[in-house]
Structure formats: C-alpha cells, structure tokens
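Trainee: Could you pick one spot in this structure and take me through it slowly? I'd like to start from a single residue and then see what else is around in the chain.

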Amino acid sequence: MQNQQEINRLKDVVQQLLDEAKRQGADAAEAGFSIDNGLSVSARLGEVETIEYHCDQGIGVTVYFGKQKGSASTNDISAASLTETVKAACSIARYASADDFAGLPDPEDLARSAVDLDIYHPWAIEASQAIELAVACENAAREYDAAISNSEGATVNSHSGTRVFGNSQGFLQGYQSSRHSLSCSVLAGANDGMQRDYWYSVARNPQFLEAPELVGRKAAQRTVARLGARSLSTRQCPVLFAAEMASGLIGALIGAVSGGNLYRKSSFLLDSLHTQVMPDFVRIHEEPLLPGALGSASYDAEGVTTQARDIVRGGVLESYVLSTYSARKLGMRTTGNAGGVHNLIVEPGERDFAGMLALLDTGLLVTELMGQGINRVTGDYSRGASGFWVENGQIQYPVQEITIAGNLKNMLRNVVAIGNDVDMRGNLRVGSILLEQMAIAGE
C-alpha cells in the first residue's frame, strides 16, 4: 500500500522548488525528488561476504528562461540548499544558448492523475534472514554436482523508494515502488577447463521470487552444461537466441527508433516509419499499465501520460519512441517515452523452447553474448558468443570462443519464429528468437 503521507512530504519539497524558481524569475520549471532505501547481502562459500544498507535521496531542478535551460541537483533539502540549487540552475540557464526545441511538455500531454499499478511491496526482511536465503541459494548450487568447484556467491537485494515529479504547468504526482532480487553464480571444472554461469530472479513483490534453492540449482545446471565446450569452424547457419539473449536484439531495434538517435541521424532504421522492418507475424507493443510489472508507469520522466500502443504491427514500424524534445526536433509529438519504454512485449509464437530447437534443427543456440560490437548507424553486428551446437533439434555439445556476425536490418527481417518461452524478468518481455542465418567465425 502506498504511503500517501510520505508522498505528500516529497510533494511539498518539489512545490517549494517550483515556487522558488518562479520567484527567481524563471519562465518555467520542473523538479523531482527521490528517496531510495535498501538492503544488499551477499554470501560466498557459506560465509557472509557483504551486508550493505542503502539510504539515498536526491533532488533535481530544471529551469527555463525562454528557450534557455539550466539544471542543478542536491541531496540537501534544507531551505537554504533548495534556494541555492534553484539559483545555480537559473545562473546556468541565463548563460546557456537558446534551443528552440527546449521546454516543458505541452499541457495536454501531461498525466492528470496517477494510477495504482501495484508496484510497491516493501520487504520487511532482516539482514539475518537475507543471509539465510543467500546461503541456502549458494548451497543448493554447490551441492548440485561434484563438478561445481568454486563460487562467486549468492546475493539478496531488496530496494524500495518514493519518487515525486512536478512542473510549473500544474503537474505534481508521486508514487512508491519496490524491486527485489536473488542471484547466484558458480564455477565448475573438468579436464582442466573452467566454466561459469549464473541465474537470478527479480520481482516487485518478494512473494513472486523463485525459491533460493531453485535459483541455485538453475545456476549450477547452466554452469555444468557448459563443461567440455569447444569452438566451431567458420560457417553460415541458423541461430537461435535464447530468450534472455533475444532481448538484446529487440533492444537494438528500440534504440534505432528512439528519438535521440533519429534526430542525430545515427540510426540504421532512419526514415523507416510505416515500412516493413520485420516479418508480418511480428507484433511489438508497449503496455505501461500492467499491474505489478517491472516496467509499469502511468507517466514518463517528464510527466507525460503513458499509453498502450503498437510499435511494430504486422512487421511494420508503426511508431517511434520519443520524448518531448526529440519529438519536437523531428516535427512530431511525444509518445510518452522520456526515460525509455514501459513493459515492451514481443508477441509470443506457439512453440515452446523444445519446439524452437526442433525448428532450428541444425544450428547454433546462443546463451551468452560478449562485447559491444553493434554499429547503430550501419546496423553491423559482431559479438563474441557461447552456447550450444544443435543437430536434429537436439543439443549436442557446448560451444565457446566464437563470433556471430550479421547486419541488424537483415537480421530483424529474417526472423523465422518467436518462442512462447518468454523471459519475464525485465522491462522487455520476449521469447527465444530464431534467425534464418548468421555468419559464425570460429577456429
């Protein structure tokens, strides 16, 4: 349940900032105040390694003198500090160059009411309890197989916070949220070869976290499965991205259709609105009001109302991802995406993971990617990878020390299928993705 008294306390501070900005002569202003609290506990080899309590707060204000903009921040909420922070922002704005596209969102775009999205579930967990969970998680991993020879530990995180944002157009809203996670990473050895892998669970509500023993076993299973990995000869073949890796492909697409990259003309999907960018069975949509979801928000970082919408429908790019500023630069209207997308969902297909392997038949299953080899201007893609070689729809052996390469524009158009094995542990929900062909560089 939201603590309205705490939200109102932060609203009072934000309103003070806005009033002070007006008093100092600003034509318009916006301000935000956030407080975060949390506990992080890690255990390694059955012993406590770290216990950290977090309590952070921050205030930021942006002022406008016409089209001149200035920003400043502080973590001191005393009256004198608030006055000085606004003064600093005003001083910066007076010396800044005018930007015709700068300014607050249009009033009609602002959210006028907040929606309870069930994203606040604080976890009343003591450090001793968190230690027990972390140790149980790691023990489950270490006991899974004799090949598990070492551990990077298990970690329990619990965070909750309050955020308020307002502007001089009358917008003043706030909400509370929480995020909890449990993770484990272990190492295995065989025949002088070492492998490492991990697993994690994350949720707004701690009741929805996977059991610590399950997280530990998954981490161990993934690690042991990688033992005996070998390289591949250079070839062209179909590639199946496991669900947790497929999000990177969709993330590259979203980056390419985001306003900042578009108005800077640094996107491989420049001028692609209303054109075919993926096969006609692909739908990618944003659902910002899903109860309890990790990306839910009723307004964006500027206070603009979020809305459910299709970004790709029938494989056609239906919408860009825009903030107020980038929209103005492009002569368009904001899509409510200042700060990013909210619960991006790639519509799943009919096949489960086993079905996707069967469709792959013979080719590469990618379970880990390394490096940042993506050129967002040309779409050229080249990254280190590891995973498994598959024949006749069955995993044959693990592979490592290979590079996969292609061009994102072609890769997106050559998606063969999307699985229903959706990874729910993030703001982007997608199943495994099968690509028709990629270049593999190995031995």
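**A buried arginine, and beyond**

Mentor: Let's start with Arg429, which sits in strand β16. Keep in mind as we go that this is a predicted model.

What is the strand itself part of? β16 belongs to an open sheet of five strands, and the order across that sheet is β10-β9-β8-β11-β16, with mixed pairing. Look at the two ends of that order: β10 (316-317) and β16 (428-429) are the edge strands, so called here as each of them pairs on one side only. At the other edge, β10 and β9 (residues 309-313) run antiparallel to each other and are joined by two bridges. One pair to find on your screen is Val312 with its bridge partner in β10, Leu317.

Back to our arginine. Is Arg429 buried or exposed, and what is the nearest side chain of opposite charge? Arg429 is buried and has no salt bridge; that nearest side chain belongs to Asp423, 8.7 Å away. To put that distance in context, a salt bridge here needs a side-chain nitrogen of Lys or Arg within 4 Å of a carboxyl oxygen of Asp or Glu. What does Arg429 touch, then? If you skip its neighbours within four places in sequence, its contacts are Leu290, Ala293, Leu344, Ile345, Val346, Val422, Asp423 and Met424.

Now for some charged residues that do pair up. The whole structure has 17 salt bridges. One of them joins Asp197 and Arg222, with 3.4 Å between the closest N and O atoms. Asp197 is in strand β6 while Arg222 is in helix α4 (residues 212-225), so this bridge ties together parts that lie 25 residues apart in sequence. Asp197 has a relative accessible area of 4%, so it counts as buried.

Another bridge is the one between Arg226 and Glu368, at 2.8 Å from N to O. This one links distant parts of the chain, 142 residues apart: Arg226 is in the loop between α4 and β7, and Glu368 is in strand β12. Arg226 is buried, at 12% relative accessible area, whereas Glu368 is partly exposed, at 21%. Both of these bridges feed into something bigger: Asp197, Arg222, Arg226, Glu244 and Glu368 are linked in a network of salt bridges.

A third example is local. Arg23 and Glu20 meet at 2.5 Å, N to O, and both lie in helix α1, three residues apart, which is about one turn of the helix. Arg23 is exposed, at 60% relative accessible area, but Glu20 counts as buried, at 13%.

We've already met β6, so let's see its sheet. It is an open, antiparallel sheet of six strands, ordered β3-β2-β1-β4-β5-β6. The edges are β3 (68-74) and β6 (193-203), each pairing on one side only. On average, neighbouring strands here are turned by 20° against each other, ignoring direction. Helix α1 (residues 4-23) packs on this sheet, where it touches β1 (28-44), β2, β4 (148-167) and β5 (172-190), and its direction makes about 140° with that of β1. Over at the β3 edge, β2 (residues 47-65) and β3 pair antiparallel over seven bridges, and Gly60 stands opposite Ser73 in β3.

Next, follow β12 to a helix that packs with it. In helix α8 (residues 353-360), the buried residues are Gly355, Met356, Leu357 and Leu360. Among the elements covering them are β12 (363-370), β7 (235-241) and β17 (433-441). At the start of α8, a side-chain oxygen of Asp352 comes within 3.3 Å of the backbone nitrogen of Ala354. Just after the helix comes Asp361, with a positive phi near 65°.

That positive phi deserves a pause. Most residues other than glycine have a negative phi. Two more to look for are Leu45, with phi near 55°, and Asp271, with phi near 60°. Leu45 is in the loop between β1 and β2 and is partly exposed, at 36% relative accessibility. Asp271 is in the loop between α6 (259-263) and β8 (284-286), and at 66% it counts as exposed.

Technical notes
Residues are numbered from 1 along each chain as its sequence is written. This is a predicted model: local features need pLDDT of at least 70, side-chain atom pairs count only at pLDDT 80 or more; totals for chains, interfaces and linings use all residues. Side-chain values use heavy atoms; hydrogens and water are left out. Two strands pair if DSSP finds at least two bridges between them. Helices (H or I, at least four residues) and strands (E, at least two) are DSSP runs, numbered from the N terminus. Axes are lines fitted to C-alpha atoms, for helices over the stretch in contact, and angles run from 0 to 180 degrees between N-to-C directions. Contact means heavy atoms within 4.5 Å. Buried means under 20% relative accessible area, exposed over 50%, partly exposed in between (1.4 Å probe, protein chains only). A polar contact is a pair of N or O atoms within 3.5 Å; within protein, one must be able to donate a hydrogen and the other to accept it, and residues adjacent in sequence count only if both atoms are side-chain atoms. Lys and Arg count as positive and Asp and Glu as negative; His and the chain ends are not counted.
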